[in-house]
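Colleague: I am new to this structure and would love a close look at a single part of it. Could you pick one strand and walk me through what surrounds it?

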Amino acid sequence: MSEDVLSRELQTETIDQPRRRFVEAAAMTIAAAQLGVIASAAAQTGKSASKIPAIKPGTNTSFKSLKQINAGLLNVGYAEAGPADGPAVILLHGWPYDIYSFVDATPLLAAAGYHVIVPYLRGYGTTSFLSSATMRNAQQSAVGLDIIALMDALKIQKATVAGFDWGARTADVMAVLWPERCKAIVSVSGYLISSPAGNQVPWPPEPAFLFWYQYYFATPVGKAGYEKYLDQFNKFIWHQASPKWNFDDATYNRTAASFKNPDHVDIVMHDYRWRLGLADGERKYDDLEKRLAALPVVTVPAITMEGDSNGAIHAPSTAYRNKFSGKYDHRLITGGVGHNLPQEAPQAFAQAVVDVDSFS
């Protein structure tokens with residue numbers, strides 16, 4: 001999430017409030033208009049928006065098509081589905097997750113006529129660096145450029161970009177730095193752009209506790225611990241972030257395979273250390289990061305989403321509403337849905353992609 005935005009929100013909190021009050025305040029979101037029949041630009045025919053059919057989470061366990069392509073600094077592994085001439089949709093995962101967060105949403109969108117691309121981010125799965133000399137850098141602008149490079153390699157000029165966690169941050173970054181490449185975005189947990197300088201504001205103990213791993217990763221023992229207990233660590237984060245999601249071992253193990261990427265630990269460490277100003281980025285991204293540090297407004301059409309049982313730290317929707325100036329909707333997804341919203345509520349996520357596409 002955007003520590004900058006959340007820090008400002010928390011300045012109104014007192015440190016002696018009980019934990020329950022904080023968690024409730026942090027989870028507060030305002031549900032906007034319910035799903036309705038609206039004109040679909042996605043189909044590019046003027047027809048009404050597709051109604052995504054119901055699906056039981058976990059229905060699908062694999063992707064039909066997995067591919068590799070050189071793009072920018074990377075050889076990117078990605079899943080692809082749907083008609084090649086359909087409106088492009090790019091789905092982006094976060095940490096500690098991977099493309100299987102979208103294993104149910106992808107066929108739903110493909111069936112609705114979309115050309116769906118689901119890449120492994122740098123440091124995950126079959127995505128690898130083309131050069132051993134490239135810095136294992138996870139700063140927000142670098143990851144955003146990865147997706148622009150992927151779009152260029154796939155000859156996709158414009159796409160709807162949707163994601164959660166690191167993926168939502170990347171969608172936000174792309175929307176403000178390259179709005180001409182983003183038809184619309186879906187950003188789970190809202191506006192997640194931040195900066196090392198903006199993350200220097202101390203937090204009260206309760207939100208700091210929820211971000212415990214960020215401080216653990218700041219230490220050498222934290223890196224060693226993550227590497228040694230990788231699977232136990234990430235499964236623990238899944239339980240913390242989605243306390244009501246009863247995933248089975250097979251579901252976790254499908255994703256855990258992507259953490260065996262040789263660059264995974266370095267990428268994760270750099271992401272969280274860079275956010276706190278404890279690791280340098282690359283000077284070639286300074287201009288982009290300067291623009292992002294101003295926390296610019298997202299002008300493209302957007303839908304933000306939140307699960308009603310998100311156990312990861314997140315801001316209330318009221319904290320970031322003014323960061324979206326285009327056509328906008330916010331949706332609270334109920335029923336015990338946690339942080340990994342696309343995998344826990346694939347129908348709702350896919351419907352948001354269809355609907356935001358129609359906004360434009």
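Modeller: Here is a walk that starts at one strand and moves outward from there.

A word on the ground rules: this is a predicted model, where local features need pLDDT of at least 70, side-chain atom pairs count only at pLDDT 80 or more, and totals for chains, interfaces and linings use all residues. Residues are numbered from 1 along each chain as its sequence is written, and side-chain values use heavy atoms, with hydrogens and water left out.

Our strand is β6, residues 159-163. Strands (E, at least two residues) and helices (H or I, at least four residues) are DSSP runs, numbered from the N terminus. Five of the five residues of β6 are buried, so the strand is largely enclosed by the rest of the structure. Buried here means under 20% relative accessible area, while exposed means over 50% and partly exposed lies in between, using a 1.4 Å probe and protein chains only. Ala159, Val161 and Gly163 point one way from β6, Thr160 and Ala162 point the other way, and all of them are buried.

Now for the neighbouring strands. Two strands pair if DSSP finds at least two bridges between them. Strand β3 (residues 88-92) is joined to β6 by four bridges, and the two run parallel; in that pairing, Ile90 stands opposite Val161. Strand β7 (residues 182-188) also runs parallel to β6, with five bridges joining them, and Ser187 in β7 is the bridge partner of Gly163. Together with helix α5 (residues 166-177), β6 and β7 make a right-handed β-α-β unit. Right-handed means that, with the strands pointing away from the viewer, the path from the first strand over the helix to the second runs clockwise.

The loops around these strands are worth a pause. Between β6 and α5 sits Asp165, whose phi is near 55°, a positive value in a residue other than glycine. Asp165 is buried, with a relative accessible area of 13%. In the loop between β7 and α6 (205-210) we find Ser189; phi of Ser189 is near 75°, again positive in a residue other than glycine. Ser189 is buried too, at a relative accessible area of 5%. The loop between β3 and α3 (105-111) holds Pro96, and the peptide bond from Trp95 to Pro96 is cis, with omega near -5°.

Asp165 also leads us to a cavity. A search of the whole structure finds four cavities of 30 Å³ or more, and the largest has a volume of about 180 Å³. On a 1 Å grid over the protein atoms alone, a cavity is a set of points where a 1.4 Å probe fits but cannot get out, and lining residues have an atom within 4 Å of a point. Grid points are joined across faces, edges and corners, and a volume is the space filled by probe spheres set on the points. The largest cavity is lined by 17 residues, of which Asp165, Tyr213, Ala312, Ile313 and His339 lie nearest its centre. The elements that give two or more residues to this lining are α9 (230-241) and α11 (264-275).

Helix α5 and strand β7 also have salt bridges to distant parts of the chain. A salt bridge is a side-chain nitrogen of Lys or Arg within 4 Å of a carboxyl oxygen of Asp or Glu, and by this rule the count comes to 13. In one of them, the side chains of Arg169 and Asp271 meet at 2.9 Å, N to O. This pair links helix α5, which holds Arg169, to helix α11, which holds Asp271, 102 residues apart. Asp271 forms another salt bridge with Arg275, the closest N and O atoms being 2.8 Å apart. Because Asp271 and Arg275 are four residues apart in helix α11, about one helical turn separates them. Asp271 is buried, with a relative accessible area of 0%, and Arg275 is buried at 5%. Salt bridges that share partners join Arg169, Asp271 and Arg275 into one network.

From strand β7, Lys183 forms a salt bridge with Asp357, with the closest N and O atoms 2.9 Å apart. Asp357 lies in helix α15 (residues 346-359), 174 residues from Lys183 along the chain. Asp357 is buried, with a relative accessible area of 1%.

Terms used: 1 Å grid on protein atoms, 1.4 Å probe; cavity = no way out; pocket = protein on both sides within 12 Å on 5 of 7 lines; lining within 4 Å.
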